[in-house]
Amino acid sequence: MELGLHIADFTWDGGPATLGAALGRHARNAEQAGITRITVMDHFWQIRAVGPYEHEMLEAYTALGFIAAHTETALLHTLVTGVTYREPGLLAKAVSTLDVLSGGRAGLGIGAAWNEDESKGLGFAFPPVAERFERLEEALQICLQMWSDSEEAYQGRRYRLERTLNSPQPLRSPRPYLLIGGGGEKKTLKLVAKYADACNIGLGPESAHKLDVLRRHCDDVGRDYDQIEKTAMFAVDPSSTTEDVVRNANAARDAGFPVAYVYAHDITTPSKITDMLGEALTKL
């Protein structure tokens, strides 16, 4: 069982003035504790499930670049980027840059976007759900093309690129890790089957059913279900113990998820998180 650290809450002791140093220590401590992957949310306001909108939130790709400089081995990606937040060409370039500068440790986590309040607040387009999924599939195609030898034009319904030049290319072979987040049965999991290296599904009563749906989509498109990494996520808070982490991680594994990303809310001392996860790893 593999545990990832998902950093979703930056409201820590010391406030913004000490946040850079605290984040660097947190990332280093995570690697030392045995964490193999570190992710951040791609949001600009805090989300309701973690805290009030006004709490601290760092821009994702700047934060990942900073974390890359303070780590050596962990896989780094968002969990997950909303497709409407960045033009796909820029997104492919950002992930390529992160991969090159981290020595081949970058991935792309992406989804159809859901945060209408945040989008309207900051002026991001938030089209209807059907269009967002059209944009998601085209963005996946564009990223995959830019991470290949092709520089051909891309002509889609939502995006048009005259030349998909991307230099330097990512170091990770055959390309950056590609994860699609969400458990939507008709569209999201179908896109996972067609394009992704991994899915990310919330851990809960429906988790095993979602994997069955993914298996059927894989059969439909001729994809080997076992080629797709299944990841889940769960939370810890100030009342959580190492035993809680172990129990949730075992539940994820039993449901078919060999990887679980763990995020914290309302824990203001980051070392408490990495200590808990490190202890849990010794018991898994």
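Which residue of strand 2 does His6 stand opposite? It is Thr39, and I would like to build the picture outward from that pair. Please keep in mind that this is a predicted model, in which local features need pLDDT of at least 70 and side-chain atom pairs count only at pLDDT 80 or more, while totals for chains, interfaces and linings use all residues. Residues are numbered from 1 along each chain as its sequence is written, and side-chain values use heavy atoms, with hydrogens and water left out.

Let me start with the sheet. Strand 1 (residues 2-7) and strand 2 (residues 37-40) run parallel and are joined by three bridges, where strands are DSSP runs of E with at least two residues, helices are runs of H or I with at least four, and both are numbered from the N terminus; two strands pair if DSSP finds at least two bridges between them. On to strand 3: four bridges join strand 2 to strand 3, again in parallel, and here the bridge partner of Thr39 is His77. The whole is an open sheet of nine strands with parallel pairing, in the order 3-2-1-11-10-9-8-5-4. Strand 3 and strand 4 (81-82) stand at the edges with a single partner strand each, so one side of each is left without a neighbour in the sheet.

Strand 3 (residues 75-78) is nevertheless covered on both faces, with Leu75 and His77 buried on one side and Leu76 and Thr78 buried on the other; buried means under 20% relative accessible area, exposed over 50%, and partly exposed in between, with a 1.4 Å probe and protein chains only.

Turning to the interior, the largest nonpolar core has 78 residues, and Leu3, Ile7, Ile38, Leu108 and Ile110 have the most contacts inside it; such a core is a set of buried Ala, Val, Leu, Ile, Met, Phe, Trp, Tyr and Cys residues joined through side-chain atoms within 4.5 Å. Helix 5 (residues 129-146) gives the most to this core, with seven residues. Leaving aside neighbours within four places in sequence, Ile7 is in contact (heavy atoms within 4.5 Å) with residues including Trp12, Ile38, Thr39 and Ile67.

Finally, the cysteines: how many disulfides does a search of the whole structure find? The search finds zero, a disulfide being a pair of cysteine sulfur atoms within 2.5 Å. Cys143 is in none, the nearest cysteine sulfur, that of Cys199, being 19 Å away, and Cys143 counts as buried at 1% relative accessibility. The sulfur of Cys218 is 8.9 Å from the closest cysteine sulfur, in Cys199, which is too far for a bond, and Cys218 counts as buried at 0% relative accessibility.
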